[in-house]
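Please open the model in your viewer and keep the sequence panel beside it. The stops below say what to select next and what is to be found there.

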Amino acid sequence: MLQRTEKAARKVAFMRLVRFTGIISLDAGAVALSFFLAFELRLQGALPPALEEALPVALPTVIILSVIAFYVTGLYHRAWRYVSIGDLFFLTEAATLAVAMSFGTLLLIDGAPWLPASIPIIQWFVLIVLLGGMRVVRRVAREAKTRFSKQGNILPVRQATRDGVRSALLLGDPDWANMLISALQRDATADMNIMGIMTHDGRDANLRLRGVPMLGSPEVLKDIVDMLDQQGRRPNCLIVNQNDPMLIGPQMVKLVNKAEQLGLDVARAPDPAGLQHQRKGKIDLQFLNLTDLLDRQELKLDKTIVRETVSGCRIMVTGAGGTIGSELVRQLAAFGPDEIVLIDHAEYNLYAIDMEMREKFPGISIIPELCCIRQRDPIMQLFAQHRPELVFHAAALKHVPLVEGNPCAGVQTNVLGTRNVADAVRKYGARAMVQVSTDKAVNPVGMMGTTKRLGELYAQALDLEGAGDAGSARFMTVRFGNVLGSSGSLIPLFQRQLSRHGPLTVTHPDIERYFMTVQEAVQLILQSSTHALRGDVDHGRIFVLDMGKPIKIMDIAKRMIRLAGLEPEVDVEIRIVGLRPGEKLYEELFDQSEEQLPSALPGIFEARSNPVPLATLNEMFNRLDALAQAGNDEALCSLSRAILDQVNDQVIGQLDEPVHMATISAIKHTSQSRPASSGHFQGAV
């Protein structure tokens, strides 16, 4: 072993000597050629006799002293395979010293009467061109060899979809982007296809750097991704400079959140100094995503069976402009449905998702309908007109404090609105409805969770009603934790607070929640609906994603601060502000009246709760409707909670007399109650 090592070392040393000798020989030839070319250009080929006599001494002197000057300046200690503009400036300094030493020595020897004064200047210029040209040609040849090599490189666009290959956008200074592309070309394990470059000011848009298009600034990231997607070149990651001063603090968190919503991973790459010294080996890319806040691996559910269910179907999505609804529409469209009806009461949100879908999926019929799910007759008319086969019900009021302060609005949307949609599904022959719910519906303490739990019970009752009829519609409920980055949720709140340099507000030091990504949420919806329609799931079940262990909000705050490149309690304060009305300290996945069951779907739990007869629910919902119209918050809250108490006690029937009398009293004295709350919000839970 030792002999083989010594033999290998001697071979390496010999190859270095051969290489060094070859480089010196080429430089010596360049010096000689520049010497003769200088006289040729100056004297037009007529060499003076005095020069011919001095040539045997003058030429070796110029060559030897020039090579010595090159060595002294460190020209042979630089990796010219990676020549840059800075290296060419260094080469100019070396050539200047070489010419000065050479002709200075000739003048000292005999005064060089044969030497025109302009010859050193001409030779200096020609020598720079020859030395630089040889090194640039070497780099060009090396890059051409790397580009066409079968080993890892910057892959051509046509290979961008190959397994294991990342398609990337770069964001940073053009000099850094240039060095990174060069470094990736040298990395035999990179397998990275660079689709485009963004700069912070976007002023170099429409130019190219190393053949890669420069596309604008991060403000138009979504437009850039959509454009590349239409060209069949959609990126799956975004690479930034780890020491970019423009991406410190809230700017970094904002960028990561925006990239997360577009399905892009974000990676930090070395700064220019690190790249300049990285001559070979793997580029260290540090990936940073909002999914890092989960403290677990993001679940990837099998979507192979979804296409056969969705392809060619007429689909309706309520709350289509919300975070969950819009992502659901995007993923559904990729499976090739025949038609998607978008329902939302928020005009701009509906407009935005409509325009996006028309641009990205021109072959699919996209129909926007401006309607609130509280409006029973218009909902029925839309179902009668479009006859959807699959309905995804994502419209809801989801903000705990707002629903707590506006319980009538919460009941009208989350309870009665859900009943409107579900009844229309049943009446107009849809195959299935999937209702989006929340873990706040489990043993609820506030009105938001209570109203969502009542909606779950209604979907369950309808699903059980059709258990004996193979042609009846299926009604499934999927229960989510907190969705990272959804509108009005924790992450955007922390982002706004970070943009003001804090403090980050946490309601309680021990409060914890379950978290999931919007992609996980949508996959849960699609998986559960597909398996239920195939008959793989029993009637009356609730689906819950396995979200691992709950995470303390305090930990989320600290991770977000560090994600921004800052230090908790040093750069940004974390302030405890107290629990909000209707807020629980700990969330749960299963209600006390539910039984957790094994699921046929990996990564998903199933729950079976005590059912409530459909007729009983309708009677109670009618009472809630009357109370909501009367604006009687107190009686409405009491009745809502009493219904759930009866479920938990497994006593289905008449309500307790005090609650029942409060209901009757409220209905009779509508004129004495305050007007019903007119504010309502609609979006994805």
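A residue counts as buried when its relative accessible area is under 20%, as exposed when it is over 50%, and as partly exposed in between. Keep in mind throughout that this is a predicted model.

**Stop one: helix H6**

Begin by selecting helix H6, residues 221–230, and colour its buried residues, which are Leu221, Ile224, Val225, Asp226 and Leu228. Now show the side chains of lysine 222 and aspartate 226, which meet in a salt bridge with 3.1 Å from N to O. These two residues are four apart in H6, so about one helical turn separates them. Their surroundings can be set side by side: lysine 222 is partly exposed, with a relative accessible area of 34%, while aspartate 226 has 8% and counts as buried. Before leaving, step just past the end of H6 to glycine 232, which takes a positive phi of about 75°.

**Stop two: from H6 across to H11**

Keep lysine 222 selected and add glutamate 356, because these two also form a salt bridge, here with the closest N and O atoms 3.7 Å apart. This pair links distant parts of the chain, since glutamate 356 belongs to helix H11 (residues 347–360) and lysine 222 to helix H6, 134 residues apart. Is glutamate 356 buried or exposed? Its relative accessibility is 8%, which is under the 20% cut-off, and therefore glutamate 356 counts as buried.

Stay in helix H11 and select arginine 358 together with aspartate 354, which lie four residues apart, about one turn of the helix. They form a salt bridge whose closest N and O atoms are 2.8 Å apart. Arginine 358 is partly exposed at 40% relative accessible area, whereas aspartate 354, at 7%, is buried. To see a wider arrangement, select Lys222, Asp226, Glu327, Arg330, Glu356 and Lys360, which are joined into one network by salt bridges that share partners. In total the structure holds 20 salt bridges. As general background, side chains of opposite charge can pair when their charged atoms come close.

**Stop three: the aromatic pairs**

How many aromatic pairs does a search of the whole structure find? The search finds five. One of them to display is phenylalanine 35 with phenylalanine 103, a stacked pair with 6.3 Å from centre to centre and 20° between the planes. Phenylalanine 35 sits in helix H1 (residues 2–43) and phenylalanine 103 in helix H3 (residues 85–110), so the pair ties together parts that are 68 residues apart in sequence. Both rings belong to buried residues, phenylalanine 35 having a relative accessibility of 1% and phenylalanine 103 one of 4%. Extend the selection to Phe36 and Phe39, which form one aromatic cluster with Phe35 and Phe103.

**Stop four: two loops**

Most residues other than glycine have a negative phi, and the last two selections are worth viewing against that background. Select asparagine 443, in the loop between strand E12 (432–438) and helix H15 (447–465); although not a glycine, asparagine 443 has a positive phi of about 45°. With 17% relative accessibility, asparagine 443 counts as buried. Finish at glutamate 569, in the loop between helix H18 (553–563) and strand E20 (574–576), where phi is again positive, about 65°, in a residue that is not a glycine.

How values were computed: Residues are numbered from 1 along each chain as its sequence is written. This is a predicted model: local features need pLDDT of at least 70, side-chain atom pairs count only at pLDDT 80 or more; totals for chains, interfaces and linings use all residues. Side-chain values use heavy atoms; hydrogens and water are left out. A salt bridge is a side-chain nitrogen of Lys or Arg within 4 Å of a carboxyl oxygen of Asp or Glu. Buried means under 20% relative accessible area, exposed over 50%, partly exposed in between (1.4 Å probe, protein chains only). Rings of Phe, Tyr and Trp (its six-membered ring) pair if their centres lie within 6.5 Å; planes under 30 degrees apart count as stacked, over 60 as edge-to-face and the rest as tilted.
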